[in-house]
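Visitor: Could you take me through one part of this model at close range? I would like to look at charged side chains and what surrounds them.

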Amino acid sequence: MLPNSLSKQRAGVTRISEEVTTEEIQSLARELQILRNQIQTISSQSSEYAITVEALSKQDPERPVYRSLGNILLEVDDRESLESELNEAQEALNEHLARLVEREESIRKKYEEMVESFERA
C-alpha cells in the first residue's frame, strides 16, 4: 500500500508541477501582451512628436505658434526652446521604447523556452 500511495504522490507532484508551468506560461503570455500594448502606445506617442516637430519646422516663422496648456492655448515666443523640448521628449520616449522592446524579446525567448520545455514533458 505504501508504494501505491507514493506513486499517487509522485503523480500529484507531477500534476502540480505541470500546473505551475502552465500558470507560468500564461503569466508570461499576459506580460508579453501588456508589453506589446505599451510598445504600441509609446511608438504612437513618439510618432506624434515627430509629426509635431516636422510641422513646427515647416511653419512660417512669421506666423504664431501655440502650445496647449490644460484648457488654454498659449502663444510660444521661443520656437527653438519648444522644438528642443519636443525633441528631448521624443528621445526619452525612444529610449523607453528600446528598453521595452529589449524586455519583450527577453520575455518572448523565455516564453518560447518554457513552452518547448512544457511540450517535451
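Visitor: Which residue forms a salt bridge with Glu31, and how far apart are the closest N and O atoms?

Guide: Happy to. Please keep in mind that this is a predicted model. The partner of Glu31 is Arg103, and the closest N and O atoms of this salt bridge are 2.6 Å apart. The two residues come from distant parts of the chain: Glu31 belongs to helix H1 (residues 2-58) and Arg103 to helix H2, with their positions 72 residues apart in sequence. Glu31 has a relative accessible area of 24%, so it counts as partly exposed. Arg103 falls in that class too, because its relative accessibility is 45%.

Next to Arg103 in sequence is Glu104, which also takes part in a salt bridge. Its partner is Arg36, and here the closest N and O atoms are 2.9 Å apart. Since Glu104 sits in helix H2 and Arg36 in helix H1, this pair ties together parts that are 68 residues apart in sequence. The two partners differ in their surroundings. Glu104 has a relative accessibility of 4% and is therefore buried, the cut-off being under 20%. Arg36, by contrast, is partly exposed because its relative accessible area is 32%. The pair does not stand alone, either: Arg36, Glu104 and Arg108 are linked in a network of salt bridges.

If you scan the whole structure, you will find 6 salt bridges. Another of them takes us away from helix H1. Glu85 and Arg67 meet through their side chains, at 2.8 Å from N to O. This one links helix H2, where Glu85 lies, to strand E1, where Arg67 lies, and the two residues are 18 residues apart. Both count as partly exposed, because the relative accessibility of Glu85 is 37% and that of Arg67 is 35%.

Arg67 is a good place to step into the strands. Strand E1 covers residues 65-69 and runs antiparallel to E2, with 5 bridges joining the two. Together they make a hairpin with 2 residues between the strands, and in the turn Gly70 has a positive phi of about 65°. Beside that turn, Leu69 has Ile72 as its bridge partner in E2. Ile72 is part of strand E2, residues 72-76, and its relative accessibility of 48% is why it counts as partly exposed. Both of these residues also belong to a nonpolar patch on the surface: Leu69, Ile72 and Leu74 form it, with about 280 Å² of accessible area together. As background for Ile72 and Leu74, side chains in a regular strand alternate between the two faces of the sheet.

Let me finish back on helix H2, which spans residues 79-120 and includes Gln90. Here the contact to look for is a polar one. The side chain of Gln90 reaches the backbone oxygen of Ser46 at 3.5 Å. Leaving aside residues up to four places away in sequence, Gln90 touches Ser46, Tyr49 and Ala50. Gln90 has a relative accessible area of 16%, so it is buried.

To retrace the route on your screen, begin with Glu31 and Arg103, go on to Glu104 and Arg36, then follow Glu85 to Arg67, and end with Gln90 and Ser46.

Terms used
Residues numbered from 1 in each chain as written. Predicted model: local features only at pLDDT ≥ 70, side-chain atom pairs only at ≥ 80, totals over all residues. Heavy atoms only, no water. Patch = residues over 30% accessible without salt bridge, like charges linked within 9 Å, V, L, I, M, F, W, Y side chains within 5 Å. Areas by Shrake-Rupley, 256 points an atom, 1.4 Å probe, with all protein chains shown as cover. Salt bridge = Lys/Arg side-chain N within 4 Å of Asp/Glu carboxyl O. Helix = DSSP H or I, 4+ residues; strand = E, 2+ residues; numbered from the N terminus. Buried < 20%, exposed > 50% of the residue type's maximum accessible area, 1.4 Å probe, protein only. Polar contact = N/O pair within 3.5 Å; in protein donor to acceptor, adjacent residues only side chain to side chain. Contact = heavy atoms within 4.5 Å. Pairing = 2+ DSSP bridges.
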